[in-house]
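Open your viewer, keep the selection box handy, and come along for a short walk. At each stop you will get something to select and a few things to look for.

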Amino acid sequence: MKTLTTTEALQEFCDRAAKAPYVTVDTEFLRERTYYSKLCLVQLAIPGDTEDDAVLVDPLVEGLSLAPLYELMKDAGVVKVFHAARQDLEIFYIDGGVIPEPLFDTQVAAMVCGFGEQVGYETLVRKIAKQSLDKTSRFTDWSRRPLTDAQMKYALADVTHLRVIYEYLNAQLQKSGRKEWVEEELQVLTDPATYVVHPEDAWKRIKTRTQSGKFLAVVRELARFREEFAQSRNVPRNRVYKDDALLELASTKPQSAQDLSRSRLLLREARKGDIADGIIAAVKAGIEAPRDDHPEPDTRRDSLQVNPALADMLRVLLKAKADDAGVAQKLIATASDLDALAAGQRDGLCLKGWRRKVFGEDALRLCDGKIGLAVKGEKVGVIEL
């Protein structure tokens, strides 16, 4: 197992990789104690069977620059292959300002190729590479040095087997003509906006049952402060205060440190100092927000008049179409998508792109009463009405 610990060694490997058709990539990181992920290890492999074709890169070594790696990630002539790439891409974007392109995500490709919903890497290794993985090192502390042989073996397996998986899935997509489907799915992953968290929008992640704009204005300001504080100090947002404490604060609207001391859910550290001052200021800003600046809750889902019988029929149609296409149902449409269709909405994702061809067109015809469903042997089929 080869570990690269100098910029020169990394540059040499990246120069070789730039001549390869693809490079498989994975990372190991920690995020339990920080807002942003701490990159602890990078694994890389190119086609080949020698020790030099698969390496580990130690970003924690003093003096090592990842600039050669980021240049490789921008090289349009080399496909960058990941499995479940989102967190890896977030690290590369936040740390290096780069989104790897062209990109291939084997989890997305596997769903298009009929391996089920959000299939795990271990499953693909077993089914495609015909190998097994030792997962004992999965939850170890990747920031500690030196790494054990077991850790390094585990980490390297995440990119060596990925070569076999990529070549198999890529061939399947070429054969089925569905490569564009995968590329369409990857547009979200390659959009930098996916990895940028705007503090002013943080309130939208808070689950609350109220539709009061005045209450939501306080929630917005508390969520904004928490996000800004967590980002500036690089601490997890829940270390500032958790969602349930945020909602309690929005209800009690503390005006002083004495008021904060009565909170049941607020962490002790948050009842004094900068956090306490920030909470009081956020509550004040929320209370004083003018009515025309109050957040508007998304009530579209609550107001849907769903036809339950039609929703059930759409679920049957979805399963039939997914089985016929060999694609995971969840990739085509979610339960919420089907409910929206059954309520008369015609702007869902399942009615666009490749999904429309596979499912959406017949779904609309079913909603309009132009087709029905019938059992044909062990399958459900479409009948014209």
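A word on element names before you click: helices (H or I, at least four residues) and strands (E, at least two) are DSSP runs, numbered from the N terminus. This is a predicted model, in which local features need pLDDT of at least 70, side-chain atom pairs count only at pLDDT 80 or more, and totals for chains, interfaces and linings use all residues. Residues are numbered from 1 along each chain as its sequence is written, and side-chain values use heavy atoms, with hydrogens and water left out.

**Stop 1: P295**

Select P295, in the loop between α12 (273–288) and α13 (308–325). Buried here stands for under 20% relative accessible area, exposed for over 50%, and partly exposed for what lies in between (1.4 Å probe, protein chains only). P295 has 8% relative accessibility, so P295 counts as buried. Now show its contacts, meaning heavy atoms within 4.5 Å. Not counting residues up to four places away in sequence, P295 touches W203, G213, L216, A217 and R220. For a sense of scale, add A9: P295 and A9 are 52 Å apart in space, C-alpha to C-alpha, and 286 residues apart in sequence.

**Stop 2: R220 and its partners**

Keep R220 selected and add D293. Which kind of interaction joins the side chains of R220 and D293? They meet in a salt bridge, 3.1 Å from N to O. R220 belongs to helix α8 (residues 213–233) and D293 to the loop between α12 and α13, so the pair ties together parts that are 73 residues apart in sequence. The term salt bridge covers a side-chain nitrogen of Lys or Arg within 4 Å of a carboxyl oxygen of Asp or Glu. R220 is buried at 9% relative accessibility, while D293 is partly exposed at 37%.

Next, pick R237 and E227. Their salt bridge has its closest N and O atoms 2.7 Å apart. R237 sits in helix α9 (residues 237–240) and E227 in helix α8, so this pair links parts that are 10 residues apart in sequence. Is E227 buried or exposed? With 0% relative accessibility, E227 counts as buried; R237, at 26%, counts as partly exposed.

For a pair within one helix, select K284 and E288. Both lie in helix α12, four residues apart, about one turn of the helix. Their salt bridge brings the closest N and O atoms to 2.9 Å. K284 is partly exposed at 46% relative accessibility, and E288 is exposed at 53%. To see a network, display R220, E221, R224 and D293 together: salt bridges that share partners join them. A search of the whole structure finds 24 salt bridges.

**Stop 3: helix α5**

Color residues 121–129, which form helix α5, and highlight Y121, L124, V125, I128 and A129, which are buried. These residues cover an arc of only 105° around the axis, which puts them on the same side of α5; the arc is that of the directions from the helix axis to the C-beta atoms. An α-helix has 3.6 residues a turn, so residues three or four places apart point the same way. Turn on α4 (106–112) and α6 (149–176), which are among what covers the buried residues of α5. Following α5 is K130, with a positive phi near 60°.

**Stop 4: D53**

Select D53 in the loop between β3 (38–45) and β4 (54–57). D53 is buried, at 5% relative accessibility. A polar contact of 2.8 Å joins its side chain to that of T50. For a polar contact, a pair of N or O atoms lies within 3.5 Å; within protein, one must be able to donate a hydrogen and the other to accept it, and residues adjacent in sequence count only if both atoms are side-chain atoms. Leaving out residues up to four places away in sequence, D53 touches several others, including F13, R16 and R163.

**Stop 5: S263**

Finish at S263, in the loop between α11 (257–260) and α12. S263 is buried, with a relative accessible area of 10%. Its side chain reaches the backbone nitrogen of L265 at 3.3 Å. Beyond its neighbours within four places in sequence, S263 is in contact with E248 and R271.
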